[in-house]
Amino acid sequence: MTTAREFEIEVPGRGPVAAILAKPRGAFAAYVLAHGAGAGMRHPFLSEMAVLLGEAGIATLRYQFPYMQSGGRRPDPPAILDASVRAAVDAAASRLPGLPLVAGGKSMGGRMTSQAAAAEPLPGVRGFAFLGFPLHPPGRPGTVRASHLDRVTLPMLFLQGTRDDFADLELMRGVCGALGSRATLHMVEGGDHSFKVLKRSGRTQADVMKEIRDTMAAWIRRVAG
């Protein structure tokens with residue numbers, strides 16, 4: 001059984017943003033889950049991910065970045081995104097005392113979480129899980145967006161679709177290889193940036209989502225100790 005409740009998180013300098021905390025009975029860890037650039041915390045993918053992780057014993061805290069809270073389309077400046085990540089992690093720690101924390105998120109949300117951690121450690125966080133790390137813009141391969149990851153000292157899980165046009169596969173493998181034992185790369189066969197698969201793959205979206213859930217749950221159990 002999972003209980004979910006909505007509350008507000010105060011982001012310094014920007015005011016309150018909405019958050020949803022879902023905690024299953026007997027949770028062994030919690031995942032602080034940030035949304036991507038174009039959709040907020042109620043996006044169906046994030047909502048389903050929270051339900052599936054709850055079934056695996058993982059609590060989730062989803063939250064809005066200030067620009068999304070106010071109905072804007074352009075992401076906040078990096079300093080505000082950083083402050084939002086820190087405020088969300090602090091909220092998870094205070095509302096889920098004793099639970100090991102993992103942080104990250106979908107696309108931009110994951111990258112902003114890693115950038116915050118690279119600038120200064122996030123208290124209580126034991127690792128980072130990225131759902132489609134946006135290594136580069138579509139059609140413009142590069143690794144500049146990953147340059148900060150060498151300053152992230154904790155374990156990192158990268159879940160990437162093999163058709164993700166935001167992450168060239170060979171470049172992604174190179175980035176993770178350079179991070180050594182800190183990085184675990186899991187490729188979702190046939191998945192695009194949103195982990196959608198083609199009908200001819202023979203797989204359903206439910207299959208894909210369960211693969212992601214099971215991979216995350218096993219990894220989180222390891223890093224949560």
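These are legends for four close-up views of a predicted model.

Local features shown here need pLDDT of at least 70 and side-chain atom pairs pLDDT 80 or more, while totals for chains, interfaces and linings use all residues. Residues are numbered from 1 along each chain as its sequence is written, and side-chain values use heavy atoms, with hydrogens and water left out.

**View 1. Helix H3, residues 78–95.** Helices here are DSSP runs of H or I, at least four residues, numbered from the N terminus. With 18 residues at 1.5 Å each, H3 should span 26 Å, and its end C-alpha atoms are indeed 26 Å apart; the expected span is 1.5 Å times one less than the number of residues. Plenty of H3 is buried, including Ile80, Leu81, Val85, Arg86 and Val89 (buried means under 20% relative accessible area, with a 1.4 Å probe and protein chains only).

**View 2. Tyr63 meets Phe65.** The structure holds five aromatic pairs (ring centres of Phe, Tyr or Trp, the last by its six-membered ring, within 6.5 Å). Here Tyr63 and Phe65 sit edge-to-face, 5.5 Å centre to centre with 75 degrees between the planes (edge-to-face means over 60 degrees). Both Tyr63 and Phe65 are buried.

**View 3. A cluster of Phe130, Phe133 and Phe158.** Ring pairs tie these three together. Phe130 and Phe133 have centres 5.4 Å apart and planes at 70 degrees, so they're edge-to-face too. Phe130 is buried at 1% relative accessibility, and Phe133 at 0%.

**View 4. Arginines over rings.** The charged end of Arg95 sits over Phe7, 3.7 Å from the ring centre (CZ of Arg within 6 Å of the centre and within 35 degrees of the ring normal). Arg221 lies over the face of Phe28, at 3.9 Å from the ring centre.

Technical notes: Helices (H or I, at least four residues) and strands (E, at least two) are DSSP runs, numbered from the N terminus. Buried means under 20% relative accessible area, exposed over 50%, partly exposed in between (1.4 Å probe, protein chains only). Rings of Phe, Tyr and Trp (its six-membered ring) pair if their centres lie within 6.5 Å; planes under 30 degrees apart count as stacked, over 60 as edge-to-face and the rest as tilted.
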